[in-house]
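Visitor: I have a model here that I would like to go through with you, one question at a time. Could you take me through the reasoning behind each answer?

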Amino acid sequence: QVQLVESGGGLVQPGGSLRLSCAASGSISSIAAMGWYRQAPGQQRELVASITRGSTNYKDSVKGRFTISRDNAKKTLYLQMNSLKPEDTAVYYCNYRSPLSANIYWGQGTQVTVSS
């Protein structure tokens, strides 16, 4: 019903920037909660940023550096990441929560590596 495809990851030096995109398809609601999660090897997946129609929320360690946004017309979610640090290295996943069925959907992930 809902498919998510992330893109924009890659290798960047500390202090650099990346912009992640999540292209959604299927029955997408403009009021649905969406977010970006990340998972490093041997660690659990953690919430990085989320967005609803009315607000955004960020993990403390990325506040002031990352910005989440969405383009409802294009059904695309974005994560602008600035001042990247080595500890930001992880696979980043797009998440969608259906406001009607409560189903949760995930993308396949995109690798972000911050290293000099």
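Visitor: Which residue forms a salt bridge with R38, the closest N and O atoms being 2.8 Å apart?

Guide: Since this is a predicted model, the distance is a computed one. A side-chain nitrogen of Lys or Arg has to come within 4 Å of a carboxyl oxygen of Asp or Glu, and a separation of 2.8 Å between the closest N and O atoms of R38 and its partner is given for this pair. The partner is E46.

Visitor: Is R38 buried or exposed, and what is its relative accessible area?

Guide: The cut-off for buried is under 20% relative accessible area, and R38 falls into that class. Its partner E46, in contrast, counts as partly exposed at 26% relative accessibility. R38 is thus described as buried, with a relative accessible area of 6%.

Visitor: Which residue in the loop between β8 and β9 is paired with R38, and how many residues apart in sequence are the parts that the pair ties together?

Guide: The side chains of R38 and D88 meet in a salt bridge, at 2.9 Å from N to O, and both D88 and R38 are buried. Because D88 lies in the loop between β8 and β9 (90–97), while R38 belongs to strand β4 (residues 33–39), the pair ties together separate parts of the chain. The residue is D88, and the parts are 50 residues apart in sequence.

Visitor: Which residue meets E46 in a salt bridge at 3.3 Å, N to O?

Guide: The pair links distant parts of the chain, with E46 in strand β5 (residues 46–51) and its partner in the loop between β6 (56–58) and β7, 13 residues apart. That partner counts as partly exposed, at 27% relative accessibility. The residue is K59.

Visitor: Which residues are linked in a network of salt bridges?

Guide: The count of salt bridges comes to five. R38 is bridged to E46 and to D88, while E46 is also met by K59, and R65 belongs to the network as well. The linked residues are R38, E46, K59, R65 and D88.

Visitor: Which strands stand at the edges of the open sheet of four strands?

Guide: The order of the sheet is β1-β3-β8-β7, with antiparallel pairing, and β3 (residues 18–26) pairs with β8 (residues 76–81) over six bridges. The two edge strands each have a single partner strand, so one side of each is left without a neighbour in the sheet. They are β1 (2–7) and β7 (66–71).

Visitor: Which residue in β8 is the bridge partner of S21?

Guide: Strands β3 and β8 pair in the antiparallel sense, and S21 has its bridge partner in β8. That partner is Y78.

Technical notes: Residues numbered from 1 in each chain as written. Predicted model: local features only at pLDDT ≥ 70, side-chain atom pairs only at ≥ 80, totals over all residues. Heavy atoms only, no water. Pairing = 2+ DSSP bridges. Buried < 20%, exposed > 50% of the residue type's maximum accessible area, 1.4 Å probe, protein only.
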